[in-house]
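Work through the following exercises with the sequence and the model open beside you, and try each task before reading its solution.

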Amino acid sequence: VYLANIKEEPARAASGEDPANGRKAEAAKEDEELEQSSAAGTEVERRRSPKAKAKQESIVRTVITFDRGGLWSYLKPPKVDSLGKKIECPTDKCWLHLHGITNFRNYAPFYSTSNAIGIIMGTGNTGPYLRFEEDQTNTYMSRDGGLTWVEVHKGAYIYEYGDHGGLVVMADDIRKTKQVVFSWNEGQSWYDFELSKMPLEVDNIVTEPNATSTRFLLYGTRSDVGVLYHLNFEALGQSQCSGLYAVDSVSSDYETWTPSDGRGGADRCILGRQVTYTRRKQTSECFNGEKFERPAVRKNCKCTEEDFECEMGFVRKVGADSTSTCRFADDGSVPIPPKCTSSDIFYSDAYRKVVGDTCEGGWQPTPMAVPCPAGSKLSRGALSVLGTVVIFGAVLAAVTFMSRSDKFKGVFANYGFESFENVKYATIGAKVPETAADSIGANYDHGDFDQDDRDEFGGDTQMMSYSSASPSRDRDSPERRSSESASAPVPRLARPPGSSGGGRGAIEGQDLELL
């Protein structure tokens, strides 16, 4: 189990953005701000400017991992405080945050030891982020390896373990005090006693390195004078714990405990193995003794996704589920194959087994498809498409230029009209014929039609004339046929023998001309 404090920008924390995203954008923004600041004048002018932007402070949050960094999550806050009152906290941003070793001069950092199995203590607060005010800082404790927490005392205290975690000793770490607080049931109940009538400022409480003894040293200062106290809890007269070989029985002072990361696994496996420890029951008020040896049973588990962490170049969001996919970070840490093209993909290992994980068989990760960077060389298909577009554009540009050029304009304007050069076109309003016969080029004498027939056409009927490539014909010209008229003489209809003529429409002494 590992605890850590992370810094997040206020805007990003408020929006819930993944800290792993936007690294390139953030770097570009810093470069832009640096360029703008360099152009804003001297340092004195920038400080005196009313628009000078103050440095944006980061907020701190505490995260925990149960698989050596494979998956990080926020600490679960307690539901009630040490006085039994319900803790008021935003439901969507309510976590427990503890001070770390980097702030040890102000508050005691989160602390655990291998002989005090499952016990972790720390000072901090509940809420969306870590607070540094004294009135907002309290003391917290977990006895299941950081999975759940309880508030054990109001205010910031300094603490130490003894008797394999069965004894916890604390003192006020901020204000002057006369008292020492202790618990021999792992925080279920607390007792206090006075050291002296004169208060002192406590610097620390220590014991021997293995935390198996019931003797402690408390040291501090009183009016600039160093003070040292020896605390011996053997004087309480507690009995020796019994029932180590009848663990979990009613008569035994011991129980078995298997650490869990809270993900709901039936095997309660951590780092690919299930470990069952023997520890003193919380309700048993007895001492383990310095020679106590804690039994532990270990067995390996089948591999699951929880046993793997993201490989370099892949990330998971803080607080994400263990089954969430590791996403490509695109931070340059993944080597790009030399044959990678812009429209292609390559496969890379996105997962690796957590260091120290001993799982066997089960789930095994497969390589993940990663798109090639946009700046990679073009593929053959992309080159062919690009070449086709370039050629088409060049041809289109050439045709457009030639069509607009005076030199080639006639070629494009008259192209395709050669087959229509002999076609005659009607010219409206040019040489309007006086009669219909003139419009069709008929060769006749005016006696061919009588007056009544002429009247049927409305008198001297006028029709349009047709022009051709030949010169215009005059009405008085003997040639009244168009270029399509037959050149041979038209035969005339002979009068029947013996006919005397007469009658309407007959023409005496002449044969009828065939039209």
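**Exercise 1.** Determine which residues methionine 121 touches, and then place this residue in its nonpolar core.

Solution. Begin with contacts (heavy atoms within 4.5 Å): not counting residues up to four places away in sequence, methionine 121 touches Pro109, Phe110, Tyr111, Thr139, Tyr140, Met141, Val152, Tyr159, Tyr161, Val168 and Met170. This is a predicted model, in which local features need pLDDT of at least 70 and side-chain atom pairs count only at pLDDT 80 or more, while totals for chains, interfaces and linings use all residues. Residues are numbered from 1 along each chain as its sequence is written, and side-chain values use heavy atoms, with hydrogens and water left out.

Next, take the nonpolar core, a set of buried Ala, Val, Leu, Ile, Met, Phe, Trp, Tyr and Cys residues joined through side-chain atoms within 4.5 Å, where buried means under 20% relative accessible area with a 1.4 Å probe, protein chains only. Met121 is, with Val169, Met170, Leu218 and Leu231, among the residues that touch the most other members of the largest core, which has 30 residues.

**Exercise 2.** Describe how the rings of tyrosine 254 and phenylalanine 292 are arranged, and state whether each residue is buried or exposed.

Solution. Rings of Phe, Tyr and Trp (its six-membered ring) pair if their centres lie within 6.5 Å, and planes under 30 degrees apart count as stacked. The centres of these two rings are 5.4 Å apart and their planes lie at 5 degrees, so the pair is stacked. Finally, tyrosine 254 is buried at 2% relative accessible area, and phenylalanine 292, at 11%, is buried as well.

Key. Buried < 20%, exposed > 50% of the residue type's maximum accessible area, 1.4 Å probe, protein only. Phe/Tyr/Trp six-rings, centres within 6.5 Å; stacked < 30°, edge-to-face > 60°.
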